[in-house]
Amino acid sequence: MEWTFNRAGFGALGLCFLLMGAALPSLAAPTTSNSAAAAAAPAPAGAARFATVWRMRGEITAVRGNASRKLREGDPVYVGERVRAAPQAEAVLRTEDAGVVAVRPGTEFIAEKFAAEDKPSDGFTMRLVTGSLRVISGWIAQTNRSGHNIVTASATIGIRGTDHEPYVLSPELARETSNPEGTYDKVNRGGTTMQVGDNKLDIDPGKVGFVRAQAKTKDRALLTILLPVLLDKVPSFYMPGEFDSELDRYSQTADQESKKQLEQRRKSPGAAAAAAACAPTDIAKTWLAQLDGAIAKADAQAIIAMFAPDVAVRATVKDKDGKMTSVDLLRDELAQSTIAAMKGLKDYKQRRVWTDARLTDLSGGMTCDRISLRSVVVEQGKQSGKPYRFESLEQYSIELRAGKWVAVKAETTQQ
């Protein structure tokens, strides 16, 4: 199939509709998937947010009482929720104090306490039920180090400005790996303190501490082997996660970044509150709704106004032989393509399969000014009298400029 372009249109279908399928209005009532509805669920009454999902692969759920929701990138995670990762799933959570919690496959944990208000009462306590986390501490570790703890069934792990990996090895994993059941902690940077009762063990970078799982019956001999000890080598079950290369880079400057955010918070408490309230998914949905309205009114100028003058636009589609062809456009060319496509479009219907959004930077910063969003959409209609139907992945980077959210990057790939 030969695509006719002429810098005014892209093939039989205008690029606007290839690129914005997820935002276009359906002539019939649009359907909403259960997962999308769960992602948009309101915050539990009285619950405090402690983190936002920054990266994710596979299925991660958050359970509170009888309510369960599947997490997506950009979703908040609240104190008191039991977070569970499927056996092949991983996630990176960005905490409200510029820290990071990476959730490994098969892990289950609960954030029992989180307060990051630059007060003596600040603290972060997580109960690790099973599996492994990678924790890069935020500024709570600088303001109230003793208040930052990981609690397991057999030990409590305190931090000293740290990048570390606590691991609760279940009886099943212990048998599979031929390692003793219990709590492990591997320190990558900084240091931790493993504590059982009054007994403490400091763990330095490159070392792994271990405490055996508690037996049902105890005597003085058993209490001796339940004390924390340093291992001679790192156990083989410690494996890097999918996002560890990004975490390694962030860890190098994490202390400086969290300190910077704390200083900014102290100088501009209003900005800190606004950043804490940032909801990327809600912002993305509002932006898409505005785009929906402009297209529903066939207002090409309003559509183009939602894209920055320096926006980078790319469309990648399949030809009749299944080969992918890409075209890059500037905003003026997008405007011409939009106008051309609107003239011949009829009977348009679309179904957004899913949409997610997140702050672009891992550190989060003290401003909520740049968001990345993705959406898979199935659309169909008639263009110049010819029916079409396809599925595509849309990706946008939207940026807050002069008080208005505009797209600085837009890309579509036909699936």
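## Lys-70 and its salt bridge

Lys-70 counts as partly exposed because its relative accessibility is 42%, and Glu-59, at 41%, counts as partly exposed too. On this scale, buried means under 20% relative accessible area, exposed means over 50%, and partly exposed is anything in between, with a 1.4 Å probe and protein chains only. Please keep in mind that this is a predicted model, in which local features need pLDDT of at least 70 and side-chain atom pairs count only at pLDDT 80 or more, while totals for chains, interfaces and linings use all residues. Residues are numbered from 1 along each chain as its sequence is written, and side-chain values use heavy atoms, with hydrogens and water left out.

The side chains of Lys-70 and Glu-59 form a salt bridge of 3.5 Å, N to O (a side-chain nitrogen of Lys or Arg within 4 Å of a carboxyl oxygen of Asp or Glu). This pair links distant parts of the chain, 11 residues apart: Lys-70 belongs to strand S3 (residues 67-70), and Glu-59 to the loop between strand S1 (49-57) and strand S2 (60-64). Strands here are DSSP runs of E with at least two residues, helices are runs of H or I with at least four, and both are numbered from the N terminus.

## Other salt bridges

A search of the whole structure finds 24 salt bridges. Arg-374 pairs with Glu-73, with 3.8 Å between the closest N and O atoms. Arg-374 lies in strand S21 (residues 370-383) and Glu-73 in the loop between S3 and strand S4 (76-78), so this salt bridge ties together parts that are 301 residues apart in sequence. Glu-73 counts as buried because its relative accessibility is 8%, whereas Arg-374, at 29%, counts as partly exposed.

Lys-119 and Glu-117 also form a salt bridge, their closest N and O atoms being 3.3 Å apart. Lys-119 is partly exposed at 44% relative accessibility, and Glu-117 is partly exposed at 44%. Elsewhere, a network of salt bridges links Arg-104, Arg-134, Asp-163, Glu-165, Lys-186, Asp-244 and Asp-248.

## Strand S10 and its partners

Every residue of strand S10 (residues 148-151) is buried: His-148 and Ile-150 point one way, and Asn-149 and Val-151 point the other way. Strand S10 pairs with strand S9 (residues 123-136) in the parallel sense over 4 bridges; strands count as paired if DSSP finds at least two bridges between them. Within this pairing, Phe-124 stands opposite His-148.

Strand S11 (residues 156-159) pairs with S10 in the antiparallel sense over 3 bridges. A hairpin joins S10 to S11 through 4 residues, and Asn-149 stands opposite Gly-158 of S11.

## Aromatic rings

There are 10 aromatic pairs in the structure. Rings of Phe, Tyr and Trp (its six-membered ring) pair if their centres lie within 6.5 Å, and planes under 30 degrees apart count as stacked, over 60 as edge-to-face and the rest as tilted. Phe-114 and Phe-124 make an edge-to-face pair, 5.0 Å centre to centre with 85° between the planes. The two rings come from distant parts of the chain, 10 residues apart, with Phe-114 in strand S8 (residues 108-115) and Phe-124 in strand S9. Both Phe-114 and Phe-124 are buried.

Ring pairs also join Tyr-167, Tyr-184, Phe-210, Phe-237 and Tyr-238 into a cluster. Lys-186, a member of the salt-bridge network, lies over the face of Tyr-238, at 5.5 Å from the ring centre. Similarly, Arg-55 lies over the face of Trp-54, at 3.9 Å from the ring centre. Such a charge is assigned if NZ of Lys or CZ of Arg is within 6 Å of the ring centre and within 35 degrees of the ring normal.

## Two loop residues with positive phi

Asp-118 is a residue other than glycine with a positive phi, near 60°. Asp-118 sits in the loop between S8 and S9 and is partly exposed, with a relative accessible area of 28%.

Ala-402 also has a positive phi, near 55°. This alanine, Ala-402, lies in the loop between strand S22 (386-401) and strand S23 (404-414), and counts as exposed because its relative accessibility is 88%.

## The whole protein

The protein has 10 helices and 23 strands. Of its 415 residues, 53% are buried. The exposed area is about 19,300 Å², with carbon and sulfur atoms supplying 50% of it; areas follow the Shrake-Rupley method with a 1.4 Å probe, and for residues only the protein chains shown count as cover. Among contacts (heavy atoms within 4.5 Å) with a separation of 6 or more, residues 24 or more positions apart account for 62%.
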